[in-house]
Amino acid sequence: MNILAIDTSCDETSAAVTNGRRILSNEMYSQILIHRKWGGVVPNLAQRAHEERIDMVCEQALKKAGMTINKIDAVAVTYGPGLAIALGVGIKKAQELAMHYKKKLIPVNHMEGHVYSCFAQNSKGKPEFDIIFPYIALLVSGGHTELLLFTHHAEYKILGETQDDAAGEAIDKATRILLKENVYPGGPVLEKLAKKGKPDFVAFPRPMARSKGLDFSYSGIKTAFLYYVQEHPDIIENNLFNLAASFQEAIIDSLTMKLERAIDQYEIKRICVAGGVVANERLRKKTRSIVKEKGGRCYFPQFKKLYGDNAAMIGIAAYFKAEKGQYIRNIEELDRKARAKIDKNPFRCCG
Ligand code: KG4
Ligand code: ZN
């Protein structure tokens, strides 16, 4: 089943062609250069950039897959969560394609796409491994931080989520505070600095370490970091690397701490870790070693292009939803859901 998938949830205009778990093409146009000077995503600039590129990106995805739209069986699109006016561009394009070419349409939750990025294969079907339920999924992105129980295809239970900011958001803000400039996104910059620093230079608080549950919180640590930087101008100057490493370590510890707790509580040892922050080598290393210690197995996206936002992950999630008949019943009913939750399907489906 060939799926043409679209994701315009934030600052990447992406379209892909997938077949089951296989990625036949995964095109994306990053808007980072447009937003960088503002230190974050500017919604109306994002919308305009998506509008300017969506047709071209879809055409490229088909071309790279060596296909015309006639060979496509269904169209998939991210309906949320994300930036409402950005989501709207992808949804409109998907609706137009589905109606004009008489294709079925599969709405996909963006975070669900991140989960499925761990099961993606290249066009030759590599790496080859089966999906064996259940999994615990740790999703860490710029807008979300959540722990999920992933029990069957397209079925999730939220075990814990952030009570305020997302981990990626805190990383982005801390990088701006540290460097005193509008860097965006902060994650890759902070990681580069952190590689040269000592993670135990400052013991920033590990958010929610004492709370028994599986929720996260990142607004407190962001403020603690801001105060530290304001109160120690003399130390900052010579310790950029050490501060970056210490802050990064506090965030990663808080994530792995909760993951470990979830593994013990649910006695599930198959762990998926995904979302933009999974690009961080230290996060992958730490989760890998914790899961190994527990005798479990870690699943990360296998290709770098799948760490951040991309449409291929949406196409793969869509395939498993299609198998369950989760096509939207009325294409016109599809609408953006900026605050969509992964455990609730907001649309009437055929299946
Ligand atoms: O999933 P994603 O690409 O977009 C959203 O859906 O939010 O995640 C973006 C987040 C940003 O906060 C970015 O700074 C972070 O992922 N990120 C990283 C790294 N690369 C991207 N965080 C830490 N280390 C990285 N290498
Ligand atoms: Zn994302």
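**View 1. Met 208 in the loop between H6 and H7.** In this predicted model, Met 208 is partly exposed, with a relative accessible area of 26%. Met 208 belongs to the loop that links H6 and H7. Although Met 208 is not a glycine, its phi is positive, about 65 degrees.

**View 2. Glu 267 in the loop between H9 and S9.** Glu 267 sits in the loop that leads from H9 to S9. Its relative accessibility is 67%, so Glu 267 counts as exposed, the cut-off being over 50%. Glu 267 is not a glycine, yet its phi is positive, at about 50 degrees.

**View 3. Two cis peptide bonds ahead of proline.** The bond between Lys 126 and Pro 127 is cis, with omega about -5 degrees. Pro 127 is placed in the loop between H4 and S6. Tyr 184 and Pro 185 are likewise joined by a cis peptide bond, and here omega is about -15 degrees. Pro 185 is part of the loop between H5 and H6.

**View 4. Strand S6 and its partner S7.** Strand S6 covers residues 135-140 and strand S7 covers residues 145-152. The two strands pair in the antiparallel sense, with 6 bridges. They form a hairpin, and 4 residues lie between them. Val 140 of S6 stands opposite Thr 145 in S7. In a regular strand, side chains alternate between the two faces of the sheet. In S6, Tyr 135, Ala 137 and Leu 139 are on one side and are buried. Ile 136, Leu 138 and Val 140 are on the other side and are buried as well, so both faces are covered. With 6 of the 6 residues of S6 buried, the strand is largely enclosed by the rest of the structure.

**View 5. Strand S9 between S6 and S10 in the pairing pattern.** S9, made of residues 270-274, pairs with S6 in the parallel sense over 4 bridges. Two of the bridge partners can be picked out: Ile 136 is matched with Ile 271, and Leu 138 is matched with Val 273. S9 also runs parallel to strand S10 (residues 297-299), and 3 bridges join them. Arg 270 of S9 stands opposite Arg 297 in S10. Of the 5 residues of S9, 4 are buried, so S9 is largely enclosed by the rest of the structure.

**View 6. Helix H5 and the elements packed against it.** Helix H5 has 13 residues, 167-179, and at 1.5 Å a residue it should span 18 Å. Its end C-alpha atoms are 18 Å apart, which agrees with the expected span. Buried residues of H5 include Ala 167, Gly 168, Ala 170, Ile 171 and Asp 172. Further along the helix, Ala 174, Thr 175, Ile 177 and Leu 178 are also buried. The buried residues pack against strands S6 and S7 and against helices H6 (186-194), H7 (219-231), H8 (233-238) and H9 (240-266). After H5 comes Lys 180, whose phi is positive, near 55 degrees.

**View 7. Leu 179 and its contacts.** Leu 179 is found in helix H5. Its relative accessible area is 21%, so Leu 179 counts as partly exposed, the limit for buried being under 20%. Leaving aside residues up to four places away in sequence, Leu 179 touches Val 189, Leu 193 and Leu 240. Glu 237 is 58 residues from Leu 179 along the chain, and the C-alpha atoms of the two are separated by 10.0 Å.

**View 8. The zinc ion, ligand 2.** The protein donors of the zinc ion are His 110 (NE2), His 114 (NE2) and Asp 309 (OD), at 2.1 to 2.2 Å. Along the sequence, these donor residues follow the spacing H-x3-H-x194-D. His 110 and His 114 are 4 residues apart in helix H4 (residues 110-117), which means that about one helical turn separates them. His 110 is buried, with a relative accessible area of 5%, and His 114 is buried at 0% relative accessibility.

**View 9. The surroundings of ligand 1.** There are 19 residues around ligand 1, and those that come nearest are Gly 142, Asp 172, Gly 187, Glu 191 and Gly 276. A polar side-chain atom of Glu 191 lies 2.7 Å from a nitrogen atom of ligand 1. An oxygen atom of ligand 1 is 3.4 Å from a backbone N or O atom of Gly 143. Asp 309, a donor of the zinc ion, has a polar side-chain atom 3.1 Å from an oxygen atom of ligand 1. Asp 172, among the residues that come nearest to ligand 1, is one of the buried residues of H5.

Notes: Residues numbered from 1 in each chain as written. Chains lettered and ligands numbered in written order. Predicted model: local features only at pLDDT ≥ 70, side-chain atom pairs only at ≥ 80, totals over all residues. Heavy atoms only, no water. Expected span 1.5 Å × (residues − 1). Buried < 20%, exposed > 50% of the residue type's maximum accessible area, 1.4 Å probe, protein only. Contact = heavy atoms within 4.5 Å. Donors = N, O, S within 2.8 Å, 3.2 Å for Na, K, Ca; no water. Pairing = 2+ DSSP bridges. Near = heavy atom within 4 Å. Polar contact = N/O pair within 3.5 Å; in protein donor to acceptor, adjacent residues only side chain to side chain.
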